[in-house]
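Reader: I am new to reading protein structures and would like to learn how the words used for them are justified. Could you show me one and let me ask about it?

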Amino acid sequence: MPPKKKKASESRLYKISGETKDHLRKFRLTTSRASKPQAVIYLIDKSTHEIRQDDEKTTYTSLDEIADDLPDHAPRFILLSYPLTLPDGRLSVPYVLLYYLPITCNAETRMLYAGAKELIRNTAEVNKVIDVESTEDLEDIPKQLATEK
C-alpha cells in the first residue's frame, strides 16, 4: 500500500509570526475577564500571505468602532471578547472569531481568506466562528452570543 499523501497544510500556505501568535495568546488571556467588549482585527497580506493585525488600531471596545474600520470590499478576521450577563445572572465572556466576508469582495480574495479560516481559528483558540457579511450584521452579535448555550 503506498504511503498516504499529506494535504497542503494551511501552515505552509500562510505565515503567522511568533509575535502575532504571542499577541493572540495574550489577547485571549487578558480579555477572558474583561468588563467591556474588546476586539482586534486581522488581515492577510496578499503578497506574503502573512496573517497579521490590521495596523490602524490596536484594540476596539465597541462593535460600532469595528464597523467603522472594516473595509467595504475586503474580508477580515475579528477576534472578539464580549462580556454579557446571562439570564440566570452569571457573567459570561464569549471569545469568538468573526469571519467578515463581504459579498462584494472578489473570488480570489474570498479563497485566500477561506483557506486561512481554520488556521486562525485554531491559532487564536476560539471555539466559535460567526460569519458576518456586512457591518450591519455586527448589530446582531450580542443577541447571538446571549442566546448561545
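Reader: Where does T31 lie, and why is T31 called buried?
Author: T31 lies in helix α2. In this predicted model, the relative accessible area of T31 is 1%. Buried means under 20%, so with 1% T31 earns the word.

Reader: Which residues is T31 in contact with, leaving aside its neighbours within four places in sequence?
Author: They are Q38, S81, V93 and Y95. Each counts as a contact with T31 because heavy atoms lie within 4.5 Å.

Reader: Nice! What makes R28 and E125 a salt bridge?
Author: The closest N and O atoms of R28 and E125 are 3.2 Å apart. The cut-off is 4 Å, so this pair qualifies. The pair links distant parts of the chain: R28 belongs to helix α2, while E125 is in the loop between α4 and β7, 97 residues apart.

Reader: Why is E125 called partly exposed?
Author: E125 has a relative accessible area of 45%. Partly exposed is the range between under 20% and over 50%, and therefore 45% puts E125 in that class.

Reader: How do you know that D54 and R76 form a salt bridge?
Author: Their closest N and O atoms are 3.6 Å apart, and the limit is 4 Å, so the pair counts. D54 sits in the loop between β2 and α3, and R76 in strand β3, 22 residues apart. Both D54 and R76 are buried.

Reader: And R90 with D88: are these two residues buried or exposed?
Author: R90 has 52% relative accessibility and D88 has 51%. Exposed means over 50%, so both R90 and D88 are exposed. They also form a salt bridge, with the closest N and O atoms 2.8 Å apart.

Reader: Why can such side chains pair at all?
Author: Side chains of opposite charge can do so when their charged atoms come close.

Reader: How many salt bridges does the structure hold?
Author: It holds seven.

Reader: What makes L145 buried?
Author: L145, in helix α5, has 3% relative accessibility. That value is under 20%, so L145 counts as buried. Leaving aside neighbours within four places in sequence, L145 is in contact with L80, Y82, L84, P94, V96 and I130.

Reader: Why is the patch that includes D64, D68 and E136 called negative?
Author: The patch is formed by D64, D68, E136, E139 and D140. Asp and Glu count as negative, so the patch takes that name.

Terms used:
Residues are numbered from 1 along each chain as its sequence is written. This is a predicted model: local features need pLDDT of at least 70, side-chain atom pairs count only at pLDDT 80 or more; totals for chains, interfaces and linings use all residues. Side-chain values use heavy atoms; hydrogens and water are left out. A salt bridge is a side-chain nitrogen of Lys or Arg within 4 Å of a carboxyl oxygen of Asp or Glu. Helices (H or I, at least four residues) and strands (E, at least two) are DSSP runs, numbered from the N terminus. Buried means under 20% relative accessible area, exposed over 50%, partly exposed in between (1.4 Å probe, protein chains only). Patches are made of residues with over 30% relative accessible area and no salt bridge: like charges are joined within 9 Å, nonpolar side chains (Val, Leu, Ile, Met, Phe, Trp, Tyr) within 5 Å. Accessible areas come from the Shrake-Rupley method with a 1.4 Å probe; for residues, only the protein chains shown count as cover. The place of a charge is taken as NZ of Lys, CZ of Arg, CG of Asp or CD of Glu.
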